[in-house]
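Please open the model in a viewer and keep the sequence panel visible. The tour below proceeds by selection, and each stop states what is found there.

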Amino acid sequence: MRMLTKFESKSNRVKGVAFHPKRPWILAALHNGCIQLWDYRMGTLLERFDEHDGPVRGISFHPTQPLFVSAGDDYKIKVWNYKSRRCLFTLNGHLDYVRTVFFHHEYPWIISASDDQTIRIWNWQSRNCIAILTGHNHYVMCAQFHPKEDLVVSASMDLTVRVWDISGLRKKNQAPQANAYEDPFMRQNQQPDLFGNTDAVVKYVLEGHDRGVNWVSFHPTLPLIVSAGDDRQVKLWRMNDTKAWEVDTCRGHFNNVLCAIFHPRQEFILSNGEDKSVRVWDMSKRTAVATFRRDQDRFWILTAHPELNLFAAGHDNGLIVFKLERERPAYQVYQNQLFYVKDKFLHALDFTNNTDNPILSIRKSGNQYTQPRSLSYNPAEKAVLITSTVDGGTYELLNLPKDFSGEASEPSGDIRRGSGSSAVFIARNRFAVLDATNQQIQVRDLSNTVTKSFKTPTQVNEIFYAGTSNLLLATPNSVILYDVQQRRTIAEINTPPVKYVIWSNDMSMVALLSKHTITIANKNLEQSCLTHETIRVKSGAWDDAGVFIYCTLNHIKYVLPQGDNGIIRTLEQPVYLTRVKGKGVHVLDRDGKPRVIAIDPTEYRFKLALVKKNFDEVLHIIRTSNLVGQSIIAYLQKKGYPEVALHFVREEKTRFELAIECGNLEVAVETAKAIDKQEIWIKLGMEALRQGNHQVVEMSYQRVQNFDRLSFIYLITGNKDKLNKMMKIAELRGDQMSRFHNALYLDDVAERVKLLREVGQLPMAYLTAKTYGMVEEAEEILASAGMTEEEITLPQMEQQPLQPVKALQNFGNANWPLLPVAESFFERAFSAEGQNGYHDAETNGFDDLAAEWEARDDFGMSALDINGRDVEEDIDMALTGGNEDGGWDLDIDVSVPMEPEVAEAEAAAASTEFVAPTPGLNESAIWVGNSAVAGDHVAAGSFETAMQILNRQAGIVNFAPLKPLFLSIYQATRVSLPANASAPSIFYHLRRNYNDQDYRRALPVTVNSFEKISTRDLQVAYALTKGGKFQNATAQFKSMLQTLLLTVVANQTEAEEVKQLIHVCREYVLGLSMEQARRSLAQESPEENQRMLELAAYFTNCDLQPQHLQLALQSAAQLCFKKENISSAAFFARRLLETNPPPKVAQMARQIQAAADRNPNDAISLDFDQFNPFTVCAASFTPIYKGSPSIQCSYCSAQYKTDYEGTVCKVCEVAKVGGNASGLRLFV
Amino acid sequence: MESVDELFAVRNLFALGSYRAVINEIASLRSTLSDAAQQEAMVFQYRSLVALGEFDKVLQDVATGTSLEQQAIKALATYEKAKASHVAATMEAEVEKAQELAQDEALEEFPNAQVVLATVLLNHGLVDDALAAIHKRSKHLESSALAVQLYLQLDRLDLARKEMSDLKHWAEDAMPAQMLDAWVYLRLGGDKYQQAFYIFEEFAQSNNANTLKVLNSQAVNYLALAQYPEAESCLQEALRLNSNDPDTLINSLVLATLTNKSEEITSKYTSQLKQVAPEHPFVHDLDQKANLFDRAAAKYTVSA
């Protein structure tokens, strides 16, 4: 047992501590008068309450209200509200130091113990004292309520412990809530009683301590009391209804014991005192279990958390919050199974059906006080390694029972144990053990003998599994991937000290968990990301998609291998993740109970799909889930998927920004119109210009009335009309400059001159006019100015006047060639969605093709496969079951020399002379020897014997049609395994009884299983029949007949079924052949007409499925009716009605019957006697009436007229008509 | 294993059929190897090249070699090359040469040469001669592996198991030794299938194990256990690696037949197999059986 410190504070001497029942808070009452409120999980000081004068000793949280109570050497009891952070009121009354205060669990009461030798009970609602318990004749050091009953226990310096009965007090305060509203008169009436001490009477006085008693507490459930005193003893007391007595004493403290409590869940007592130690005692044996010592600090107080596995102790320089044991159960996940240790049992949980069974007792393992720390499971040998920290680390190797469903068993065989701090399986038959002190790694085999031992390459704290023969060695600052066989470091990655290692299901990725970091790396330890957590990381598991899900103390979070992480949900209590499947996270909670927590994986799946560029998935998630929110948009934008983000945004401004970012002008224009703000248009203009879409540029310039730019864009696009318009606008606006420059763009000299004149720039106007040779205007200007040409000196111009820029081509409405904007997958998909729904855009040809392929190929086969396998498994189960029960377990491992040749071979090996060994029995030969079924002989390639069997059993004579069948069966019985390099491959034979332990009983795999024929093939054949594809249907039934010949079944029942199926096939082949014959008739001569009707009639004589018979009858009835064979038609109509046909058909049948009533005659006489039972000759298609001589096919039993004896059957095409057959054998 | 095997990794890669990796590993190790290991590494390298079908490269290197190992390699490469191009005469000649070399008394000192020569003989169907060639073998993993194959081919499971247990004494759980266990387990069946499964699974988990050899071994194992979907995924993976590998094609054909795939698919595999490996025993065997069928069927007379 160890003290696992969770939190430690430094402060003045702590005299009282109290846990908050729900939140991670603890109150410390200090000797300097201060009260501190700490968050022990975050390690922060939340609050200080500084109102007591002198040391505070008693402190207690209210179980439900936001209250706490404190008391100290200032004789005061203060009740505080921690939400409003103030003292609500003070209870005065004690006349000396108050030692302890506690709330009642139910009533609004507070109990206090004081050096004034009294115990007082207060009502904190009415804020007055309701009882004073007198009797102790020295300081009362401690007084507590019983957690359930109306009892109080107190400890005093008078050497006694007293138990008080306060049921009287409770009765008087039946409705304690009412107290606050009680009228003053009633309260006055109560007062005298209170001091009469009738409400609380001493029940027992426990004497036994030799010195003052410092502390006493009740057991939470049992009638036990523990006390601690200055006589350095901890005493255990028991009580019943009438008396109380001392049970035993725990001796060991060598100074005053100040506090002693019961462990709330386990059979322990905890005590501490001035000898600077906290001690743990076994409650039943009263022996010391553990001692935790400190050098400096005397312990003053000890308390247990009301709900969690936590303790707190106050000492001279602060307080510590600690645990006595790890709550993390030792567990390991293997495929669909979780193995974990709970309550000294190894449990196996099957995730698929959620069955949880204790499978092995580990009571005898390790130390009774210590939980195992880790577990390693070996599926090949069904064994586990359990390590615990006992004696500096020990491991045990245990064999699991074969079957996990039974009762938990005691470990079988010897328990193999040894010392080592961690032990893991590294191969089927090897495990590695780390001896941390000597820094040795030993490789041991299953009998626990060392096969290899070597020094660690560097200081190693722990080892983990890393695939066969490899280990991950956790060093203080790195993790090393180490090859055990080669003793070689393969890779190393720098990390903080790693505590847990979690491999992904396919072992391709690994998560290394440290206290505050998670490192994700691939199997070669190349880091792909590192995540820091401020809160401690507890455990994790890989999602199937390759996302690592982990939990901290209070969150379930995810991290993508690329480094993105986020919170999935919050947690009330820490849990240990075992597996992630879909929307469920399997966990073990702190009590070791497996649970499933629901999560929403959408967010991380979405992100993963984005990172992996699996856009179909992204699209699917967008369409089907309700992902919203700023964070996802920001994420998408940050990650460079503005086009995806666009999809999520409804807000115009953001939409616009995103549209600009991904260059989607369409959306940008649309949103810009909606927003219609200057800066938006400017931005749009810039983006449009960048892309070269001058139409949008024009629009945005128009919107912001940027005339100059607008003019310029018109100029360079050669849009003269618009430029003219711009000039007009400029004129209207009175913007002369703009007018001028538009005129300049337009090369409109007249306009310029006119403008210059209008603004009074006559010299300029003149100059312009003159320059461009506008003589009239020039003179006009001169005239208006009253000047003559001579008065003006014109500057000399050397060059030709400037020509304005002219666009070579007027683009008009057309745009410039646009900058290619990469249209992403999403935009395509989204736009496609807008147009014509979801499908066509991204279901590319492949999918369709694949779908088609599957449809063609599978034909409901998958279901069949499963069926087939189930049955096979059942058979195997039966076989193995038999093995276990009946002691047939012939283990060939122990096999003695199997063949006499061994000795001979050995002799040969001994002598140097080489004698070639004679070949052994080939498996094909074994098969032939083991089975008399034709199909098995075919599988073995022994075609001759197979044919003999078939000939004998079923009279088969025409084997030609069976050739493909033979070969396909034969080719599927052997597989090829590449063995040595460049050497030919070895063939292996496939067995159907692959669970049989002795290969000498081997039987070949079943190629054409009866299930397949009777379900898939038959359905196909029926479907073809129904669809009117008679030729194909006939072929199908024939092929089934032939296949059945070579099938192998398990037992007689199935063999009977095969016989029935043969019957069905034969009837259909016969019927369908007649139908085909009928259809091929020309229907011209009367003979042909007669033959046609006869064939139709015979068809109805076949044993068909009702729906097919219906069709046959319908066709026969209609044909007869048409050919005016009314009487026969009526006969078929009647039979048709018997089959309960659909209404339409029934109506037709009734009409025929009605017609027959009027005219019951046949136009053509048929060879068809409806009253005489008959069968149809399969060769001539003529009836063989009962009693007439006939002969049948030796295999399918088709009937023939005797003329056909010795021919090949027309139905099955393989057997001889009238041949001898002993009957087909179909099972071994 | 007292001294660390310098060629440990090479041996494993070779056993896994990861021939390209063998060559790379040798190239990276070369400078650090001792002389003896160098010699052996050379054999591995050439055998890998032969397995990869790069005969000319090998022949170029060993053309003038006089050591037994080099001569053996040369025989193997020449034989395989002739086989690939169906030159029967050369094949015969090389087999004769190999038989001659196998008689050499000094051969005992060169287990690798023994294995190579035995491989040539085995390829020519001379199982007894091949066994004779490696009869006097020392503690050499590759020799044992070949011996086990030979015993299995002779259907002498007893001898194969004996070899296997002998190997246990000195080879422990070296990867080639485990592989040979698996070969034997696959013949034994029953629980041993599961053991073989674990062995192959371990291989598959190791690096560089995505080879035709391992994938096919796994597929064979799954097929033996009638776990067809799993077998299919292995074979698909193998087909992706090399769509013309005879083993993969055979196993795919078997799987397709067992899972009742359409005839179209099975015949696709058959024709592809006949195309890439017309001389493959499996193909030969099927042809023979077809003939056998015709012969046997002809015995039964049918009156028309």
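A residue counts as buried when its relative accessible area is under 20%, as exposed when that value is over 50%, and as partly exposed in between. The model on display is a predicted one.

**Stop 1: a loop residue in chain A**

Select E533(A), which is placed in the loop between β48 (527-532) and β49 (537-542) of chain A. Is E533(A) buried or exposed? Its relative accessibility is 10%, and because the limit for burial is 20%, E533(A) counts as buried. Now display its surroundings: beyond the neighbours within four places in sequence, E533(A) is in contact with H516(A), Y550(A), T552(A), K557(A) and N565(A). Add I518(A) to the selection; E533(A) and I518(A) are 15 residues apart in sequence, and their C-alpha atoms are 8.0 Å apart in space.

**Stop 2: chain A as a whole**

Extend the selection to chain A. Its secondary structure comes to 32 helices and 61 strands. Chain A has 1228 residues, and buried residues make up 54% of them. Its accessible surface comes to about 55,200 Å², with 49% of that belonging to carbon and sulfur atoms. Of the contacts in chain A between residues at least 6 apart in sequence, 48% join residues at least 24 apart.

**Stop 3: a contact across the sequence**

Move to N12(A), in the loop between β1 (4-10) and β2 (14-19) of chain A. N12(A) has a relative accessible area of 31% and is therefore partly exposed. Select D316(A) as well: 304 residues separate N12(A) and D316(A) in sequence, yet the C-alpha to C-alpha distance is 6.7 Å. Which residues does N12(A) touch, leaving aside its neighbours within four places in sequence? The contacts are L30(A), H31(A), N32(A), H315(A), D316(A), N317(A) and G318(A).

**Stop 4: annotated repeats in chain A**

Colour residues 7-48, 49-90, 91-132, 133-167, 206-247 and 250-291 of chain A, which carry the UniProt annotation "repeat: WD" from an unreviewed entry. Within that set, isolate residues 133-167: the span is 57% strand and 3% helix, and its end C-alpha atoms lie 13 Å apart. Then pick S167(A), which is found in helix α1 (residues 167-172) of chain A. S167(A) has a relative accessible area of 19% and so is buried. Apart from neighbours within four places in sequence, S167(A) is in contact with D150(A) and D199(A).

**Stop 5: cysteines**

Show the cysteine side chains. How many disulfides does a search of the whole structure find? The search finds zero over all chains. Centre on C259(A), which is in no disulfide: the nearest cysteine sulfur belongs to C142(A) and is 7.3 Å away. A pair of cysteine sulfur atoms has to be within 2.5 Å to count as a disulfide. C259(A) counts as buried, because its relative accessibility is 0%. C529(A) is also worth selecting; at a relative accessible area of 7%, this cysteine is buried.

**Stop 6: aromatic rings and charges**

Next, display the aromatic side chains; the structure holds 43 aromatic pairs over all chains. A cluster can be picked out by selecting W25(A), F49(A), F61(A), F68(A), W80(A) and Y82(A) together. Two arginines should then be shown with their ring partners. R328(A) lies over the face of Y500(A), 3.6 Å from the ring centre. The charged end of R974(A) sits over the ring of F987(A), at 4.9 Å from its centre.

**Stop 7: chain B**

Finally, hide chain A and select chain B, which has 17 helices and zero strands. Buried residues make up 60% of its 304 residues. The accessible surface of chain B comes to about 12,000 Å², 49% of it belonging to carbon and sulfur atoms. Among contacts between residues at least 6 apart in sequence, 56% join residues at least 24 apart in chain B.

Two annotated segments remain, each taken from an unreviewed UniProt entry.

- Residues 81-108 of chain B are listed by UniProt as "coiled-coil region". In the model this segment is 68% helix and 0% strand, with end C-alpha atoms 27 Å apart.
- Residues 212-245 of chain B are covered by the UniProt annotation "repeat: TPR". Here the chain is 79% helix and 0% strand, and the end C-alpha atoms are 8 Å apart.

Notes:
Residues are numbered from 1 along each chain as its sequence is written. Chains are lettered from A and ligands numbered from 1 in the order in which they are written. This is a predicted model: local features need pLDDT of at least 70, side-chain atom pairs count only at pLDDT 80 or more; totals for chains, interfaces and linings use all residues. Side-chain values use heavy atoms; hydrogens and water are left out. Buried means under 20% relative accessible area, exposed over 50%, partly exposed in between (1.4 Å probe, protein chains only). Rings of Phe, Tyr and Trp (its six-membered ring) pair if their centres lie within 6.5 Å; planes under 30 degrees apart count as stacked, over 60 as edge-to-face and the rest as tilted. A charge sits over a ring if NZ of Lys or CZ of Arg is within 6 Å of the ring centre and within 35 degrees of the ring normal. UniProt positions are given in the numbering used here, feature names are shortened, and annotations may be inferred rather than shown by experiment. Helices (H or I, at least four residues) and strands (E, at least two) are DSSP runs, numbered from the N terminus. Contact means heavy atoms within 4.5 Å. Accessible areas come from the Shrake-Rupley method with a 1.4 Å probe; for residues, only the protein chains shown count as cover.
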